[in-house]
Amino acid sequence: MSLNAIGRRLQLDRKTVRRYRNKDLPELLASAQDRGHGVLDPFMEHVQHRFHAGCTSSMQLYREVLALGHTGGYHVVHRYVVTIRKGIAVPARSVTARPRDITSWIMRPQESLNSSDVAQLDAVRSACPEIALAGDLAREFTDMLRQRRGHLLRDWIQKAELGGPDAIGIFAGSVRQDLHAVTAGLTLPYSSGIVEGHVNRIKTIKRQMYGRASFALLRARILLEP
């Protein structure tokens with residue numbers, strides 16, 4: 001039968017029929033067993049550890065994961081415990097930090113991180129030496145920016161180009177091309193923020209007139225508006 005014919009017979013969308021048609025039976029069975037475990041994923045390792053330690057009561061395990069922050073119902077825990085008893089339990093998934101979170105932990109001041117953030121960042125650094133090296137270089141550059149230590153920029157560029165990850169090495173090379181300006185930016189208290197603000201104000205006024213105003217009118221509005 002065609003996909004459309006199957007969809008009409010089973011009252012399913014054509015895309016749903018195609019998705020199930022292209023999957024093998026073992027894969028479908030595995031996905032069916034795993035269904036509903038999503039909210040339990042962060043606690044699967046705890047449930048497995050406690051079960052093999054002798055705590056086989058679904059209710060007791062439910063109370064424990066509830067105290068740890070589980071938001072699902074008792075039946076989710078019970079169903080997973082049953083699969084452990086039968087030896088067909090889905091293995092506990094390792095929780096991988098998102099790139100956005102890792103970047104946030106690296107770029108924020110170390111004293112602002114809580115103990116959980118520090119532990120997760122240490123785990124990521126241990127698992128990936130390249131992230132550890134990139135994090136160290138990024139923090140050094142951020143410290144130069146915050147503490148206005150532009151005199152350390154040359155040493156940082158050399159370190160990044162010789163031993164840093166490719167992306168940071170490319171960034172260091174671009175900084176070297178405008179070394180004096182970047183050094184001044186990392187040393188002096190001045191910034192171009194006021195100029196950028198005026199540029200944005202001029203662009204806003206120009207766009208309000210849909211680009212059809214003459215230069216004289218645009219000049220008058222810019223000079224007259226505060």
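# Exercises on a predicted helical model

A search of the whole structure, which is a predicted model, finds 6 salt bridges.

## Exercise 1. Salt bridges between helices

Task: For the pairs Glu64 with Arg50, Arg125 with Asp136, and Arg176 with Glu161, determine the N to O distance, then place each partner in its helix and classify its accessibility.

Solution.

Step 1. The criterion is a side-chain nitrogen of Lys or Arg within 4 Å of a carboxyl oxygen of Asp or Glu.

Step 2. Between Glu64 and Arg50, the closest N and O atoms are 2.8 Å apart, and the two residues form a salt bridge. This pair links distant parts of the chain: Glu64 belongs to helix H5 (residues 58-68) and Arg50 to helix H4 (residues 44-52), 14 residues apart. Glu64 has a relative accessible area of 15% and is therefore buried. Arg50, with a relative accessible area of 25%, is partly exposed.

Step 3. For Arg125 and Asp136, the closest N and O atoms are 3.1 Å apart, again in a salt bridge. Arg125 is in helix H8 (residues 115-127) and Asp136 in helix H9 (residues 129-147); the pair links distant parts of the chain, 11 residues apart. Arg125 counts as partly exposed, at 26% relative accessibility. Asp136 is partly exposed as well, its relative accessible area being 35%.

Step 4. A salt bridge joins the side chains of Arg176 and Glu161 at 3.0 Å, N to O. Because Arg176 lies in helix H11 (residues 166-177) and Glu161 in helix H10 (residues 153-163), the pair ties together parts that are 15 residues apart in sequence. Arg176 counts as partly exposed at 40% relative accessibility, and Glu161 is partly exposed with a relative accessible area of 36%.

## Exercise 2. A buried arginine without a salt bridge

Task: Establish which side chain of opposite charge is nearest to Arg139, and identify the backbone oxygen that lies 3.0 Å from a polar atom of its side chain.

Solution.

Step 1. Arg139 is located in helix H9.

Step 2. Arg139 is buried and has no salt bridge; Asp136 is the nearest side chain of opposite charge, 5.8 Å away. Asp136 is instead the salt-bridge partner of Arg125.

Step 3. A polar atom of the Arg139 side chain lies 3.0 Å from the backbone oxygen of Ile106.

## Exercise 3. A patch of positive charge

Task: Which residues gather in a patch of positive charge on the surface?

Solution.

Step 1. The patch consists of Arg14, Lys15, Arg18 and Arg21.

Step 2. Membership requires over 30% relative accessible area and no salt bridge. Arg14 is partly exposed, its relative accessible area being 41%.

Step 3. In the chain, Arg14 lies in helix H2 (residues 14-21).

## Exercise 4. Positive phi outside glycine

Task: Describe the phi angles of Gln11 and Arg148, and state where each residue is placed and whether it is exposed or partly exposed.

Solution.

Step 1. Most residues other than glycine have a negative phi.

Step 2. Gln11 has a positive phi of about 60°, although this residue is not a glycine. Gln11 is placed in the loop between helix H1 (3-10) and H2. With 72% relative accessibility, Gln11 counts as exposed.

Step 3. For Arg148, phi is near 55°, likewise a positive value in a residue other than glycine. Arg148 is found in the loop between H9 and H10. At 40% relative accessibility, Arg148 counts as partly exposed.

## Exercise 5. A threonine side chain and a backbone oxygen

Task: Is Thr83 buried or exposed, and which backbone oxygen does its side chain reach?

Solution.

Step 1. Thr83 is part of helix H6 (residues 74-86).

Step 2. The threshold for burial is under 20% relative accessible area. Thr83 has a value of 10% and is therefore buried.

Step 3. The Thr83 side chain reaches the backbone oxygen of Tyr80 at 2.5 Å.

## Exercise 6. Separations in sequence and space

Task: Give the sequence and C-alpha separations of Ser116 and Tyr62 and of Ser192 and His78.

Solution.

Step 1. Ser116, in helix H8, is partly exposed with a relative accessible area of 39%. Ser116 and Tyr62 are 54 residues apart in sequence, and their C-alpha atoms are 23 Å apart in space.

Step 2. Ser192 is in the loop between helix H12 (179-187) and helix H13 (193-208), and counts as partly exposed at 44% relative accessibility. Ser192 and His78 are 114 residues apart in sequence and 61 Å apart in space, C-alpha to C-alpha.

Terms used:
Residues are numbered from 1 along each chain as its sequence is written. This is a predicted model: local features need pLDDT of at least 70, side-chain atom pairs count only at pLDDT 80 or more; totals for chains, interfaces and linings use all residues. Side-chain values use heavy atoms; hydrogens and water are left out. Patches are made of residues with over 30% relative accessible area and no salt bridge: like charges are joined within 9 Å, nonpolar side chains (Val, Leu, Ile, Met, Phe, Trp, Tyr) within 5 Å. Accessible areas come from the Shrake-Rupley method with a 1.4 Å probe; for residues, only the protein chains shown count as cover. Lys and Arg count as positive and Asp and Glu as negative; His and the chain ends are not counted. The place of a charge is taken as NZ of Lys, CZ of Arg, CG of Asp or CD of Glu. Helices (H or I, at least four residues) and strands (E, at least two) are DSSP runs, numbered from the N terminus. Buried means under 20% relative accessible area, exposed over 50%, partly exposed in between (1.4 Å probe, protein chains only). A polar contact is a pair of N or O atoms within 3.5 Å; within protein, one must be able to donate a hydrogen and the other to accept it, and residues adjacent in sequence count only if both atoms are side-chain atoms.
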